[in-house]
There are 2 protein chains.
Amino acid sequence: MGEMICCKYRISATSLEAAQALARGVAVEQTVEVPEGLITPTIERDSVGQVRSVEKLDDDRTAYLAQIDYHAEQAAGQLPQLLNLIYGNSSINPAIKLLDCQFPESVLARFAGPRYGVEGLRKMLGVYDRPLVCGVLKPRGRSDDAFAGMVEEFALGGGDLIKDDHNLVHDSFDAFTNRVNKCQAAAEAVSDVTGRGCLYLPYVSASLEELPRFLEFALECGVRGILIGPTVMGLEVVRWVAAQYPLFVMSHPTLTGPMYLNVTNGMQMSFYMGTLMRLLGVDASIFTTFGGRFHLTRAACVETAECLRQPMGALRTSWATPAGGMKFERIGELCDAYGADTILLVGGALHEKRASLEVGTRDFMDAVGEHFSERLETPKL
Amino acid sequence: MGEMICCKYRISATSLEAAQALARGVAVEQTVEVPEGLITPTIERDSVGQVRSVEKLDDDRTAYLAQIDYHAEQAAGQLPQLLNLIYGNSSINPAIKLLDCQFPESVLARFAGPRYGVEGLRKMLGVYDRPLVCGVLKPRGRSDDAFAGMVEEFALGGGDLIKDDHNLVHDSFDAFTNRVNKCQAAAEAVSDVTGRGCLYLPYVSASLEELPRFLEFALECGVRGILIGPTVMGLEVVRWVAAQYPLFVMSHPTLTGPMYLNVTNGMQMSFYMGTLMRLLGVDASIFTTFGGRFHLTRAACVETAECLRQPMGALRTSWATPAGGMKFERIGELCDAYGADTILLVGGALHEKRASLEVGTRDFMDAVGEHFSERLETPKL
């Protein structure tokens, strides 16, 4: 027998027997989707998922943990079929949630994963042993010159990366090229003066017909990375982008909530925002953090960070990028929770109560510096 | 002021004031995502979403209905940004559910919508005034010759369309071409004898790099339509497929559940499986029906069918395609619920208790015929 994909599901049921029946139902639904009577011994052996175990979940009287294994070749070496295999039809069952999958080498080998990841970005920027800090260009409605000014101030303040807000999308290629030209030039101008790097990451959202034009323009401009939303663009599209273009890919969590907010259905947040994002080649996965304006638990967020970093075949590690409510007074708490290989995404906090974005950024970098001893090398931009 | 996109949200809140605050939060989050203090009058006027109303939902003590309008140009004429605009970040709020959107002409005009839709498929098959019946090739593990035999029997029995099961995906282009060659030839051979049409729809799942090869092969073979999974392939990918290739597009619901199963978060099923699928050009949207092995309400399913058919700019109407537990004894109930412009998807029921698939199909067509008076024309395949 070949390699197996090992999936863990949460099953809502009021008895072990009911949970076992549901687990068998998933194993059949996900692979052959026929009544039991049509499953021959050969089909059972070669195609049907195999229920390895069903046991009580410690913390819940009406939930069971089922492990179901699938033949690795049924993923067909492609992301859409992998998603279909591990959760496709069972996603429509309110009692079934996908918690985690272990992918064997034969599956992982079909995915390039992050092109840069943690080490690649550290080399690019020459910054080690502390979290990186990423600013945000917003709000929509400001001029491109104002945005370029923000890039300049943020870079002068010592920030590491600055990204577009994901609302900076216009029905015009020129709107994109004008903003990217100005903001990238601003970032490079500061680097020339300071000798440090600050990456500008434009947000890319376009139809599939237009997408290559946007990415090629960014590369021509000297842009080293982009922000993109896998759940609105399509996960397979972002995998393709990451594989085809030499760009650092930061993923935005837009539209992701329904995939992991439900206790009894959907996927575990750490699997969707961690494991899957990394599998499709995301170098830095933004997720809304606990304690911010979105309501997520510390455990779910820390587990997501772990999935971005733990061993996963030959795939590089990705940056945990917590967001959604960063404040000066929370820096210590978040650094403790997420550790050094983290990108801290910070928006409004750099402006509030500070004389300028440059001062705010410098103060923020100093505050981060109180928790880590950074080591600098020459950037390799 | 230009045209507006009018969105309706369900907001979980325990008072009108709390609901109003949450509605304003959505209007800001979806457009500019900054603290209130950074919103200038110009940005408020030109960019921020506008809360039109917040009122109690009749049937729920802790739920409110909010209508929020967005400037149509903020959708930027593209699907990924449209999704981002109407629900992106708010999708991560467990108290916000997107119920419905009304798109103005300027937005709808940017989408081709279904290429064939209800009328196009009726012309192709020359069948009017009754639901169409679609069979399924399964289970995975059978030979291509066996599948071709099933196509032949189903077509001889008078069935209208027969599709691949969505698990028929292999890590080989040849596996696809062999199956498609044989099944398409079987369908055409019966048409040559009977003078009626039976469309074979192969399931297409491939990486973005490989996808054009699969579609081009299908077209070269004479295939007139495909089955594809928008939520695993990416909605934008399927929009592109529908726009680029002259194929009837049937969508499979794999991985869709988390988008609409949650009462307080996600999207209304009718919006995701109806309005959105039609917007991206799906000719027939498969959804799991009430009363089957998935647990959906009759109201949600009928509303989905309505969204596929109601006026929507110049977009053609799509086929409601209920599935997931079709049985002979339910034909009347489903025909009553969904009406004539429906594709009834039927899997195992054609085999059970019948001498052959051909007999089962003929019996099923006769049973449908008891509820409608079909009108036949010459197929235009």
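Visitor: Which residue stands opposite Leu227(A) in S10(A)?

Guide: That's Met250(A). Keep in mind that this is a predicted model. To read strand pairing, find the neighbour first and then the register. Here S9(A) pairs with strand S10 (residues 248-251) of chain A in the parallel sense, over four bridges.

Visitor: And how do I read the two faces of a strand like S9(A)?

Guide: Start with the general idea: along a regular strand, side chains alternate between the two faces of the sheet. In strand S9 (residues 225-228) of chain A, Gly225(A) and Leu227(A) sit on one side, with Ile226(A) and Ile228(A) on the other. All of these are buried, so both faces of the strand are covered.

Visitor: What is the strand order in the open sheet of chain A that has four strands?

Guide: Read across it as S8-S7-S6-S14, with parallel pairing. S8 and strand S14 (343-345) of chain A are the edges, each pairing on one side only. On average, neighbouring strands of this sheet are turned by 25° against each other, direction ignored.

Visitor: How many bridges join S6 to S7 in chain A?

Guide: Four, between strand S6 (residues 132-137) and strand S7 (residues 161-164), which run parallel. For the register, put Gly135(A) opposite Ile162(A) in S7(A).

Visitor: Which strands of chain A does helix H7 lie across?

Guide: Helix H7 (residues 173-194) lies across S6, S7 and S8 of chain A. When you look at a helix on a sheet, check the direction too: H7 runs at about 165° to S8(A).

Visitor: Let's move to chain B. What is the strand order in its open sheet of five strands?

Guide: S2-S3-S1-S4-S11, and the pairing is mixed. Strand S2 (50-56) and S11 are the edge strands, each with a partner on one side only. Within the sheet, strand S1 (residues 4-12) and strand S3 (residues 63-71) of chain B pair in the antiparallel sense over nine bridges. Met4(B), for instance, stands opposite His71(B) in S3(B).

Visitor: Which strands does H3(B) lie across?

Guide: S1, S3, strand S4 (96-102) and S11 of chain B. The helix runs at about 45° to S1(B).

Visitor: Now the interface. How many residues of chain B are in contact with chain A?

Guide: 69 residues of chain B touch 69 residues of chain A. Next, look at area: about 6,100 Å² is buried between the two chains, and carbon and sulfur atoms give 57% of that. On the chain B side, Ile92(B), Arg140(B) and Leu255(B) lose the most area to chain A, together 11% of what that side buries.

Visitor: How many salt bridges and polar contacts link the two chains?

Guide: The count between chain B and chain A is six salt bridges, and there are 32 residue pairs in polar contact, both residues at pLDDT 80 or more. Several elements of chain B give two or more residues to the side that touches chain A, among them helix H3 (79-87), helix H9 (230-233) and helix H11 (257-260).

Visitor: Which residue of chain B forms a salt bridge with Arg110(A)?

Guide: Asp171(B), with the closest N and O atoms 2.6 Å apart. Another bridge links the side chains of Arg239(B) and Glu209(A), at 2.6 Å, N to O. This pair crosses from helix H10 (residues 235-244) of chain B to the loop between strand S8 (199-201) and helix H8 (211-221) of chain A.

Visitor: Is Arg239(B) buried or exposed?

Guide: Its relative accessible area is 13%, so Arg239(B) is buried, given the cut-off of under 20%. Its partner Glu209(A), at 36%, counts as partly exposed.

Visitor: And what about salt bridges inside one chain?

Guide: Over all chains, the structure holds 36 salt bridges. In chain A, Arg45(A) and Asp46(A) meet at 2.9 Å, N to O. Arg45(A) counts as exposed at 54% relative accessibility, while Asp46(A) is partly exposed at 36%. In chain B, the closest N and O atoms of Arg375(B) and Glu377(B) are 2.8 Å apart in their salt bridge. Arg375(B) is partly exposed at 38%, and Glu377(B) is partly exposed at 34%. Look for shared partners as well: Arg24(A), Glu36(A) and Glu44(A) are joined into one network that way.

Terms used: Residues numbered from 1 in each chain as written. Chains lettered and ligands numbered in written order. Predicted model: local features only at pLDDT ≥ 70, side-chain atom pairs only at ≥ 80, totals over all residues. Heavy atoms only, no water. Salt bridge = Lys/Arg side-chain N within 4 Å of Asp/Glu carboxyl O. Buried < 20%, exposed > 50% of the residue type's maximum accessible area, 1.4 Å probe, protein only. Pairing = 2+ DSSP bridges. Axes fitted to C-alpha atoms, helices over the stretch in contact; angles between N-to-C directions. Contact = heavy atoms within 4.5 Å. Buried area = accessible area lost by both parts, 1.4 Å probe. Polar contact = N/O pair within 3.5 Å; in protein donor to acceptor, adjacent residues only side chain to side chain.
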